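Me: I am new to this structure and would like a close look at one part of it, the charged side chains that pair up. Please start there, then place that part within the rest of the chain.

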Amino acid sequence: MKGNSIFIICLGITLLIGIAGFLYNEGYLIPPNQKSKENQLVMTKDQTSSTPDRIDILKIADINESMIGKKVSVNGKISNRYDHKDGHVFLTLEENNGSLKVVIFSDMEISTEHLQEGETVNVKGELKEYNDELEINVESISDEVLENTQIPEITKSNIGDKINVTAVIVSKYSHPEGHIFLNVQLESGQEITVPIFNNLNPLSDNFPVFSTIKVDGEVNEYNSKLQIVPNGIESIHVIEKGDEAQIKEIDLKNITEQDRGRMVIVSGFVKGIQPRDDGHLMFYLVDKNSKIKTVLFRADTEEIKGRKERIVHAEKAQFSVKLVGMVDIYEGELEIVVDKVLVD
């Protein structure tokens, strides 16, 4: 009799443990504070995974091969629609002077009935190349046209900001240590400097004056002047190469302080060369009416050595030279910083 009682008690305990385990697994016995924490963790994870990455809105004309494989976003008006027999939809978007094909594959399950010619949309997706033609493989498309994220004017309040801008190179300056400083004009008309430091191994000829470029970088301040420092050499995209033949020729007598930062073509005789220990070449460019201080900075390239040789030879042979350079002011005196020595 006693043995039967012990058996019944053990059986009851086993059943209670089993029932308790079942209730715990179903969440009925989790302490309220622990259950709240678990729900909070799940919510945080879901919220994080559903937050989309920020993609800057680009102009269609700015899209180029260097962006292949990257996520891009553009606004545009649908100028053509083609429905494939397999359910894919091919659209052509136009914006100002640019056009671009976008592809909505059927497995994306994106509603396309409303996407008709004449509609303006915003498209996000990965830039691809197919049959030598750029296209966006659409990940999302919306009737809500988003504003371009480029900053119309840069101020000190933007210092430290990561931005992207489209600008035109109005002049450039090659530093003797290998840095290149681009003076660019933004779409707002504001001019700002883009320094390309020597650790990026920049080549001046890759950035002709009058080129349209797109720069991704950070705003900072140097010597009380704002500048955009690119993230890397790949962060400077030349959208349209400029024609430096458009640089205007100007007489020496007509150069003033207002021309500072401007690229010009000047002609004259080389006088008073002053070789310096640091390798720079200082001289005066002279014509019958005036003269101006001129400098060719040292650089360890064959191209610069060739320019130096031509200038030295021009003084010895007493013939006129034609130079391309940037007008600058140093210690209160106008000067030309030589970029090229032209051969007539």
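**Charged pairs and their surroundings**

Reply: Asp86 has a relative accessibility of 44% and counts as partly exposed, because that class lies between the buried limit of under 20% and the exposed limit of over 50%. The model is a predicted one. The side chain of Asp86 forms a salt bridge with the side chain of Lys85, with 3.6 Å from N to O. Lys85 is exposed, at 75% relative accessibility. This pair is one of 14 salt bridges in the structure.

Another salt bridge brings together the side chains of Lys340 and Asp205, at 3.5 Å from N to O. Lys340 belongs to strand β17 (residues 333-342), while Asp205 sits in the loop between β9 (191-196) and β10 (212-222), so this salt bridge ties together parts that lie 135 residues apart in sequence. Lys340 has a relative accessible area of 19% and is therefore buried, since the limit is under 20%. Asp205, in contrast, is partly exposed, with a relative accessible area of 39%.

Asp328 and Arg260 supply a further salt bridge between side chains, at 3.1 Å from N to O. This pair also links distant parts of the chain: Asp328 is in strand β16 (residues 321-330), Arg260 is in the loop between β12 (236-240) and β13 (263-275), and the two are 68 residues apart. Arg260 counts as partly exposed, at 47% relative accessibility. Elsewhere, Asp205, Asp339 and Lys340 are joined into one network by salt bridges that share partners.

Where else do Arg260 and Asp328 appear? Both are among the residues that lie nearest the centre of the largest pocket, together with Tyr173, Lys225 and Met326. The lining of this pocket consists of 29 residues. Elements giving two or more residues to the lining are β7 (162-174), β8 (180-186), β9, β11 (225-230), β15 (291-296), β16 and β17. Strand β16 gives five residues, the largest share of the lining. The pocket has a volume of about 950 Å³.

Now the setting of the chain as a whole. The protein chain has three helices and 17 strands. Of its 344 residues, 38% count as buried. Among contacts in the chain with a separation of 6 or more, 55% are between residues 24 or more positions apart.

In soluble globular proteins, nonpolar side chains tend to be buried together. Here the largest nonpolar core has 21 residues, and Ile63, Val74, Leu91, Leu93, Val123, Ile136 and Ile141 touch the most other members. Two or more residues of this core come from each of β2 (71-83), β3 (89-95), β4 (98-104), β5 and β6 (133-142). Strand β6 gives the largest share, four residues. Val123, beyond residues up to four places away in sequence, touches Val72, Ser73, Val74, Leu93, Val102, Ile136, Val138, Ser140 and Ile141. There is also a second, separate core of 20 residues, which includes Ile250, Val266, Leu296 and Val341.

Burial also applies to polar residues. Asn122 is in strand β5 (residues 120-130) and is buried, with a relative accessible area of 2%. What does the side chain of Asn122 meet? One polar contact, of 3.1 Å, is with the side chain of Ser73, and another, of 2.9 Å, is with the side chain of Asn75.

Two loop residues complete the picture. Leu115 lies in the loop between β4 and β5 and is buried, at 0% relative accessibility. With residues up to four places away in sequence left out, Leu115 touches Ile78, Arg81, Leu91, Ile104, Val121, Ile141 and Asp143. Leu115 and Ile78 are 37 residues apart along the chain, and their C-alpha atoms are separated by 7.7 Å. His280 is in the loop between β13 and β14 (281-286), and at 10% relative accessibility it counts as buried. Apart from neighbours within four places in sequence, His280 is in contact with Pro176, Gln274, Pro275, Leu296, Phe297 and Arg298.

Note on methods
Residues are numbered from 1 along each chain as its sequence is written. This is a predicted model: local features need pLDDT of at least 70, side-chain atom pairs count only at pLDDT 80 or more; totals for chains, interfaces and linings use all residues. Side-chain values use heavy atoms; hydrogens and water are left out. Buried means under 20% relative accessible area, exposed over 50%, partly exposed in between (1.4 Å probe, protein chains only). A polar contact is a pair of N or O atoms within 3.5 Å; within protein, one must be able to donate a hydrogen and the other to accept it, and residues adjacent in sequence count only if both atoms are side-chain atoms. A salt bridge is a side-chain nitrogen of Lys or Arg within 4 Å of a carboxyl oxygen of Asp or Glu. A nonpolar core is a set of buried Ala, Val, Leu, Ile, Met, Phe, Trp, Tyr and Cys residues joined through side-chain atoms within 4.5 Å. Contact means heavy atoms within 4.5 Å. On a 1 Å grid over the protein atoms alone, a cavity is a set of points where a 1.4 Å probe fits but cannot get out, and a pocket is an open set with protein on both sides within 12 Å along at least five of seven lines; lining residues have an atom within 4 Å of a point. Grid points are joined across faces, edges and corners, and a volume is the space filled by probe spheres set on the points.
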